[in-house]
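Biologist: I am new to this structure and would love a friendly tour. Could you put it on the screen so that we can talk it through?

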Amino acid sequence: MEELQKALSDKGLIVSSTPEKGRCLFTTRDFSPGEVIITEEPYVSVPNKSAKCEWCFTSNNLKKCSACHVVCYCGNTCQKSDWKLHRVECQALSKVDKERIKSITPSIRLMVKLYLRRKLQDEKVIPITIMDNYNLVESLVSHMTDIDEKQLVLYAQMANLVSLILQWPEINVKEIAKNFSKFSCNAHTICDAELKPLGTGLYPVVSIINHSCLPNSVLIFEGRMAVVRAVQHIPKGTEVSISYIEMAGSTATRQKALKEQYLFSCTCIRCIKLGQNDDVQESAVLEGYRCKDRRCSGFLLRDSGNKGFTCQLCGLFRDKEEIKNIINEIQSLSEKASFSLSYGHNKDVSVMYKMIEKLQLKLYHQLSINLMRTRENLLKVLMKVQDWKEALKYCRLTIPVYESKLTLSKALRYFYLAVNILMFLA
């Protein structure tokens, strides 16, 4: 820990502990907006699909390993970069029968690679550094005492499969199960520049950074490398925070997601307002219904008789059946759009999404999550059919939603996308 503290102090950071949160990462100097706070390569990582290069996660020019027939590489450079670890993984995978190979998920492979990498570092085949060693993995929180019995059984089954693949007599199955719990709480989804998931990686130092629904930093990826950047001025002595979840959701939705995935309740500035007027209004805008009068900016509250909704601003009543009918229309169109999309009928899909958008505008606020997701889907389809002017329009419509909910990484995604479309149109 002392060596890690020294390494972090050179970066203007320090690890401290608090009774409420445990380990936290604090700044020992000021950081400016956009400045890199910390970077880290994964201790282990895997692509989320077999049809990706094991090292760089590209989907182009892939060739399967001729021995194990599980791992792919895009060329000699990536294969050589991964060879020290894959050489021993390949030997283990080659011994697994073909039927069982099908049940080896990315999570199973990530765990196999974790134990193999630890062994290779112990044998000094792979060098140990202050920022790259198994002791950092051991320090991660597992939350084993908070997991229900069903999940514990699943982890035990997965641990037994890992043991079967490695075939090490001395391996501790209980420890493997505990590490699966650590993966659940600490592993990160590696995304590309458009935030499309590519794989999963374990970043033990970045995992020290705690969650906030009002974060001062953002986690992005440059290849497999995790990069944490400041999104605002961070004064000396401030805790560094990122968001673990999608922030464009109500407090209740965010709390549910955090409890289910990360087994804790958030107590950030946004979350402590749960049930207060500001929180109720934000939740209604994000996930609720709008007033029927377009001139009114109010949101609807369910009336005491459960016959409909009343606008909290102007008092206008909206019948429950009217809302139900619109929702049914949206659902029907969404199913048709999904069916057409599966057959690649993109022009038909774009027409249907625009019909859905029109219906949603009757129900939802401009910053509604449901409306935002429809526009995101429409944007993707418009780009596929190369209708760049319409795509730019929907790109611009999407940015304010993420800006308003402080989901900076996604706001930047659509900003850069808009810039690229403008350059194309020019």
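Biologist: Let me begin with a single pair: which residue in S8 does Ser45 stand opposite?

Modeller: Happy to help, and please keep in mind that this is a predicted model. Strand S4 covers residues 44–47 and strand S8 covers residues 197–202, and the two pair in the antiparallel sense over 4 bridges. In that pairing, the residue of S8 opposite Ser45 is Gly201.

Biologist: Which residue in S8 is the bridge partner of Ile190?

Modeller: Here we turn to strand S7, residues 188–191, which runs antiparallel to S8 and is joined to S8 by 4 bridges. Within S8, Thr200 stands opposite Thr189. For Ile190, the bridge partner is Gly199.

Biologist: S7 and S8 form a hairpin, so which residue in the turn has a positive phi?

Modeller: The hairpin of S7 and S8 has 5 residues between the strands. One residue in that turn has a positive phi of about 65°, and the residue is Leu195.

Biologist: Which strands stand at the edges of the sheet?

Modeller: The sheet is open and has 3 strands with antiparallel pairing, in the order S4-S8-S7. An edge strand here has a single partner strand, so one of its sides is left without a neighbour in the sheet. From one strand to the next, the twist averages 30°. The edge strands are S4 and S7.

Biologist: Which helix lies across S4 and S8?

Modeller: Look for a helix in contact with both strands. This helix runs at about 150° to S4, and its name is H4.

Biologist: Are H4 and H6 parallel or oblique to each other?

Modeller: Helix H4 spans residues 106–122 and helix H6 spans residues 149–166; their axes come within 10 Å and cross at roughly 55°. The crossing is right-handed. Since the angle is neither under 35 degrees nor in the range of 65 to 115, the two helices are therefore oblique.

Biologist: And how many nonpolar residues does the contact of H4 with H6 have?

Modeller: On the H4 side, the contact is made by Ser107, Ile108, Met111, Val112, Tyr115 and Leu116. H6 brings Met158, Leu161, Val162, Ile165 and Leu166. By class, there are no charged residues and 1 polar residue, while the nonpolar ones number 10.

Definitions and conventions. Residues are numbered from 1 along each chain as its sequence is written. This is a predicted model: local features need pLDDT of at least 70, side-chain atom pairs count only at pLDDT 80 or more; totals for chains, interfaces and linings use all residues. Side-chain values use heavy atoms; hydrogens and water are left out. Axes are lines fitted to C-alpha atoms, for helices over the stretch in contact, and angles run from 0 to 180 degrees between N-to-C directions. Angles under 35 degrees count as roughly parallel, over 145 as roughly antiparallel, 65 to 115 as roughly perpendicular and the rest as oblique. A crossing is left-handed if the near helix is turned anticlockwise from the far one by less than a right angle, and right-handed if clockwise. Contact means heavy atoms within 4.5 Å. Ala, Val, Leu, Ile, Met, Phe, Trp, Tyr, Cys and Pro count as nonpolar, Asp, Glu, Lys and Arg as charged, and the others, Gly among them, as polar. Two strands pair if DSSP finds at least two bridges between them.
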